[in-house]
Amino acid sequence: MDNSSDNSRDSFSSRFAVIAAVAGSAIGLGNIWRFPYVAGENGGGAFLIIYLLFVFAIGIPVMTSEFVIGRAGQKNPYGSFRKLAPGQPWYLIGIMGVAAAFMILAFYTTVSGWTLEYFYQTLTGNLAGKNDSELTLMFDEFLQGSYRPVIWFLVFMGFTGFIILSGVKNGIERYTKMLMPILFVLLIALCIRSVTLEGSMAGLNFLFYPDFSKITPKVILEALGQAFFSLSIGMGTLITYGSYINKSENLGSSAMAVSIADTMIAVIAGVAIFPAVFALGGSPASGTGLVFIVLPGIFQKMPLGQVFQLIFFSLLSVAALTSTISVLEVIVAYLAEELKMTRRKATIAATLMVSVLGIVTVLSMGSLRNFTIAGKNIFGMLEFLTSNIMLPLGGLFIVIFIGWSFSPQRTKDELTNDGKLKAGYLPVYMFIVRFVAPVAIAMVFLYSLGILKL
Ligand code: PHE
């Protein structure tokens, strides 16, 4: 176990384990399910460019800042802020993070449940030979049936709780190390099949050719939200993981490596999906069902497609699981450290509470689908509020904290491991967290509220 940090806190055992766990959190449904569907609804190429800009100019600095806070604070987000800024209200960021964790788990685990259904449906051969409209119908009927998605949700929530019960090292590390490379290879195979379908060029054009006339305040806000969501930043997941990172690890380069990997996976998922969408006659703006309808279509056109599809949905479930555990860990670390519950009690309590909200969320796409607020069902509402509002807001306060409140010397100590590492990027990083990131996030908010016009 850990021997270099200053207390007996559970921690990741090696550099590879850190990267694997953080990448496990970042890489998941956000890349493979959400990125294609949100890009598809927001115009493709232009969205991609703005998204990339936000990842590099804002996302990586926010991730680095979360690591700094977590490793300096050695606690859950709430506790870390309390410790680093006693008597100041920064801990509210931690509270918002716990709230966001509940909300994200409710809809994210819902979609994770869909991956289990699609694994099961592949196993029983029900997806084979179906065309685009049959696959669409099947997806809709599945959601509206209500009963199956609730069961799968609960199964997935159970897995998540179970892994969290076994603790950071045994639970989180083990499951993230091996399986991601296989998922990566499968995604590449999907890309190859997708771009070699007849009529696929239109899809590549859609994804890579920016039509700047499509940029609206909504597109910009969605791109910011997707960048935050995909990198798992803005709500304290990576403060929590940062608190488990050894004193000898390089925080800046870890953030960089994970963010690049995460972004590559999203783009690769886009290359797998969009050419097939156009080749098989679907619409890129099909919403949350996009990948569940398109992917089975591509697999059908591959030799041994059903076998690959089975492997794919099982790995996608694992990728989702390494993300849900990172979100649940935020709540559990908070309950255990601040409300002095045992980890076991905290996990059970958190799992049960999330399940209540989650069941309502699942049903909001089924029997409760006619209940909407501002045109969004509960699922859509939770997704919008967390990724587009709460995470960027959390990120805004995190960079302001590091840029303007926390001691620059302590930030430097964390990023250089007390002078043992070189961190040539430090001046750029400080400039971004002080000026660029806060101004950019604030501008996106004002712009999307219609207060600022470009
Ligand atoms: N980044 C994860 C994904 O892309 C989702 C996530 C969001 C995880 C926020 C933790 C916190 O799948």
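Me: How many salt bridges does a search of the whole structure find?
Reply: The search finds 6 salt bridges. Please note that this is a predicted model.

Me: Which residue forms a salt bridge with Glu-383?
Reply: The partner of Glu-383 is Arg-34, and their closest N and O atoms are 2.7 Å apart. This pair links distant parts of the chain, 349 residues apart: Arg-34 belongs to helix H2 (residues 29-41) and Glu-383 to helix H17 (residues 378-405).

Me: Are Glu-383 and Arg-34 buried or exposed?
Reply: Both Glu-383 and Arg-34 are buried.

Me: Turning to Arg-148, which side chain does it meet in a salt bridge?
Reply: Arg-148 meets Glu-117, with an N to O distance of 3.0 Å. Glu-117 is in helix H5 (residues 91-123) and Arg-148 in helix H7 (residues 147-165), so the pair ties together parts that lie 31 residues apart in sequence.

Me: Why does Arg-148 count as partly exposed?
Reply: Its relative accessibility is 32%, and partly exposed covers values between the 20% and 50% limits. Glu-117, by contrast, is buried, with a relative accessible area of 2%.

Me: And where do Glu-329 and Arg-343 lie?
Reply: Glu-329 is in helix H15 (residues 305-338) and Arg-343 in helix H16 (residues 343-363), 14 residues apart. Their side chains meet in a salt bridge of 2.8 Å, N to O. Glu-329 counts as buried because its relative accessibility is 0%, while Arg-343 is partly exposed at 28%.

Me: Which residues are linked in a network of salt bridges?
Reply: Such a network links Arg-71, Lys-247 and Glu-414.

How values were computed: Residues numbered from 1 in each chain as written. Predicted model: local features only at pLDDT ≥ 70, side-chain atom pairs only at ≥ 80, totals over all residues. Heavy atoms only, no water. Salt bridge = Lys/Arg side-chain N within 4 Å of Asp/Glu carboxyl O. Helix = DSSP H or I, 4+ residues; strand = E, 2+ residues; numbered from the N terminus. Buried < 20%, exposed > 50% of the residue type's maximum accessible area, 1.4 Å probe, protein only.
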